[in-house]
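Work through the following exercises with the sequence and the coordinates open beside you, and attempt each task before reading its solution.

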Amino acid sequence: MRLLTVKGLDKKFKTVHAVKGIDFHIEQGEILGLLGPNGAGKSTTISMISTLLKPDGGDIIYNNESIIKNPKAIQENLGYVPQEIALYPMLSGRENLMFWGRAYGLKGSTLKKAVSEVSEIIGIDDRLKDKVKTYSGGMQRRLNIGVALLHNPELIIMDEPTVGIDPQSRKHILDTVLHLNKDKGMTVIYTSHYMEEVEYLCNRICIMDQGKIIAEGTKDELVKANNPKTNIHIKIDRDMESAIVKLKTIESVETVIEEEELIKIISKQDEQLFKNIIQVIGELDVTILSMDIQEPDLESVFLSLTGRVLRD
Amino acid sequence: MRLGQLIIKDIKNIVYDVKSLAILIVMPVVIMSILGVALKGVFGNESGSGITSMNIAVVKQYDAAKEIENFQSEAEGNALINQGDVLVEDINLDRIFFEEFLENKEIQEIITYTVVDETKAKELIETDEIAAIVYLPEGFVYDGLVNFTSLGRNKVKINIVTHQDYAFSNQILISILEGFSEKLNIEKARNSAFIGDLISKGVNEHIGDIVANLPENMINNTETILEHKSANRQKSITSFQYYATAMMSMFLLYSAAFGGKAILSEKHEYTLARLSVTGISIEKVVISNFVRVSLICILQSSFMIIYSNVVLGIEWGSLITIIIGTLIMSITVGALAMLLSVITLATGSFSFASFFEFAIIQFMALVGGSFLPLEVLPEAIGNLSFLSISGLGIKIYTNAMYELPLSANIGTYTLLLSYAVVLVLIAFIMIKVNGKKVKAC
């Protein structure tokens with residue numbers, strides 16, 4: 001079932017055309033990733049979906065209703081996790097959860113139950129009484145997410161929720177997102193410029209650049225459709241020059257160079273590539289010390305689409 | 001979400017923030033204490049310096065010519081007068097008071113006087129044209145002559161009736177007249193010693209008889225006395241009391257500056273965006289801020305009044321006037337904070353709130369009389385005092401100290417509440433007009 005449809009969404013800020021008439025949709029129960037470098041238009045897009053910004057053009061349909069005309073249609077069912085920590089640092093974790101729970105219309109025992117459940121999910125139940133300003137960055141991030149979960153929303157929008165935190169908290173957040181999606185059936189829109197997060201979490205990915213969606217699909221679909229390169233780094237004990245000459249004869253190989261005592265190969269996607277390399281090197285009297293194969297990923301898809309790396 | 005929850009959150013935020021709370025509440029109390037102690041000395045010693053002129057009326061309740069004539073007829077045998085050692089004109093208090101005292105160049109810089117009858121004087125003080133009435137009583141000249149020419153100590157009583165709005169000027173006037181009175185008493189003492197000396201040396205063999213023959217009421221044991229009353233009022237206030245109201249009224253305005261920055265701060269901390277996503281309107285947020293600032297003002301005022309009363313011994317007077325005044329002041333300051341917060345949000349910058357803090361508050365404090373009482377300021381500045389919320393606060397609190405009836409403040413209460421309504425209306429109109437700019441994101 002289609003939960004949300006974005007049609008021709010457009011937004012300008014004075015001289016900057018931040019979002020240029022984009023279209024996409026999300027099915028119920030999906031995790032949709034919006035991937036792109038800083039300034040691609042991801043945050044502006046989700047700000048419009050969250051009713052924070054009014055689009056200059058286009059429409060956003062949530063459960064068959066335009067949220068431009070009726071923002072309340074989405075507000076009650078939306079959990080919004082902003083990129084920044086949007087909490088009251090002088091209040092305790094519990095006071096923050098209670099306040100935001102009330103803001104979402106919860107009260108009484110329902111509110112208390114929600115606070116208890118959410119603090120367990122985000123793993124801060126032992127620090128609830130402490131002021132938020134005393135929390136670590138990771139804990140604040142988790143509470144930032146927790147606030148958006150209190151009213152058990154149908155759709156959660158997470159805007160780069162793992163920026164600037166330690167690996168342990170990051171893993172906890174990613175696991176929480178998966179738990180919410182799989183066990184609670186929540187639909188998630190997840191924006192990030194960390195392609196490994198998007199690869200790990202998302203069923204479907206929209207790659208954004210300069211206000212446009214430049215590719216959309218599952219990870220495999222994106223890789224296949226955009227024909228990115230495979231990178232292989234080989235280390236051999238001797239006779240690198242002969243090996244380079246031989247490797248260049250493989251049809252799918254585009255570039256072979258020697259760098260830092262490694263042979264670096266860039267090749268088109270080719271299922272026979274690994275077998276062919278082993279065969280060619282085996283013909284020489286050398287020993288392979290190491291081999292590192294970098295399969296095409298979203299980074300290389302982005303590189304292939306834009307000529308730039310994702311984290312520029 | 002109920003507005004109440006938003007207000008509770010806002011109050012918790014400020015109560016937990018010890019630093020902000022200290023700035024808003026403890027600082028005014030500290031400054032009030034320091035100023036109070038410092039000004040106590042200043043007011044006692046520096047009367048008149050650098051102060052602009054005050055108008056007073058002098059009511060002569062005596063007939064100088066007749067009293068001189070009386071004195072001369074009764075003192076025919078007075079050796080000092082007869083021998084020309086003392087000229088009546090030299091010791092005529094009427095001449096001394098007006099020509100030597102009030103016409104003195106230095107005194108003229110401070111006091112401008114007009115001699116009028118009692119009815120006219122009362123009319124002038126009612127219409128705020130003069131700061132005080134000085135009554136020179138019947139017998140003023142006669143008693144003065146007796147005192148200077150004999151061992152007699154007749155009471156020369158100068159009454160002063162002061163206008164409540166000129167507390168500072170009147171402090172100065174009283175100090176000056178006290179100086180005059182003291183000078184007369186010294187002269188009298190010196191004169192008595194001189195007469196005594198004459199008697200002991202037998203310079204004039206009749207002088208003992210003259211003194212002995214003077215009427216009894218001429219040699220009573222009194223001196224020149226200064227009596228002070230407030231015009232139509234039971235009480236007058238000290239400069240220490242005045243500055244307690246002045247400081248408190250001024251510091252309430254800083255709460256408006258604090259509130260004026262609060263919503264833009266919330267925007268910068270991204271909680272405003274989050275509130276917006278939950279469906280809470282910007283109107284609710286600014287109303288909550290209005291209530292928060294009003295409550296801070298009530299807290300500030302209560303703390304300052306109790307502290308200054310208990311620790312500094314300042315009497316604040318009529319409780320009901322203070323309670324109603326504090327509530328109305330707090331509402332008006334809350335409304336001011338509301339408008340400031342909307343302007344700050346619309347401009348997306350703290351500049352206006354800072355401008356308010358560093359310029360407008362100072363302007364209001366100046367024209368409202370927080371730095372110097374209005375009567376010592378040029379009239380043009382004093383005429384702007386109705387624009388100053390702090391000035392209106394001073395008026396309410398000093399009226400409470402004078403223990404004036406509640407009705408005396410109705411005009412000020414109404415003006416403050418009108419300001420509050422206008423400020424709130426402008427804030428809401430700005431939200432409507434600036435729609436896009438006054439947003440969470």
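**Exercises on a predicted two-chain model**

The model is predicted, so local features are taken at pLDDT of at least 70 and side-chain atom pairs at pLDDT 80 or more, whereas totals for chains, interfaces and linings use all residues. Residues are numbered from 1 along each chain as its sequence is written, and chains are lettered from A and ligands numbered from 1 in the order in which they are written.

**Exercise 1.** Determine how the axes of H3(B) and H8(B) cross, and with which handedness.

*Solution.* Begin with the axes, which are lines fitted to C-alpha atoms over the stretch in contact, with angles from 0 to 180 degrees between N-to-C directions. Those of helix H3 (residues 64-74) and helix H8 (residues 140-149) of chain B come within 8 Å and cross at roughly 35°; helices (H or I, at least four residues) and strands (E, at least two) are DSSP runs, numbered from the N terminus. The crossing of H3(B) and H8(B) is right-handed, the term for a near helix turned clockwise from the far one by less than a right angle. Next, list the contacts, for which C-beta atoms placed from the backbone must lie within 7 Å: the H3(B) residues include B:Ile68 and B:Phe71, and those of H8(B) include B:Leu145 and B:Val146.

**Exercise 2.** Establish the strand order of the open six-stranded sheet in chain A and identify its edges.

*Solution.* The order is E6-E7-E8-E3-E9-E10, with mixed pairing, where two strands pair if DSSP finds at least two bridges between them. Strand E6 (78-81) and strand E10 (212-217) of chain A each have a single partner strand, so they form the edges and one side of each lacks a neighbour in the sheet. From one strand to the next, the twist averages 15°. Within the sheet, strand E3 (residues 31-35) and strand E8 (residues 187-192) of chain A run parallel and are joined by five bridges, with A:Leu32 opposite A:Ile189. Finally, helix H5 (residues 137-149) of chain A lies across E6 and E7 of that chain, at about 165° to E6(A).

**Exercise 3.** Decide whether B:Tyr419 is buried or exposed, and find its contacts outside the local sequence.

*Solution.* B:Tyr419 belongs to helix H18 (residues 410-434) of chain B. It has 20 C-beta neighbours inside 10 Å and therefore counts as buried, the cut-offs being 20 or more for buried, 12 or fewer for exposed, and partly exposed in between. Setting aside neighbours within four places in sequence, B:Tyr419 is in contact with B:Thr332 and B:Ile389.

Conventions
Contact = placed C-beta atoms within 7 Å.
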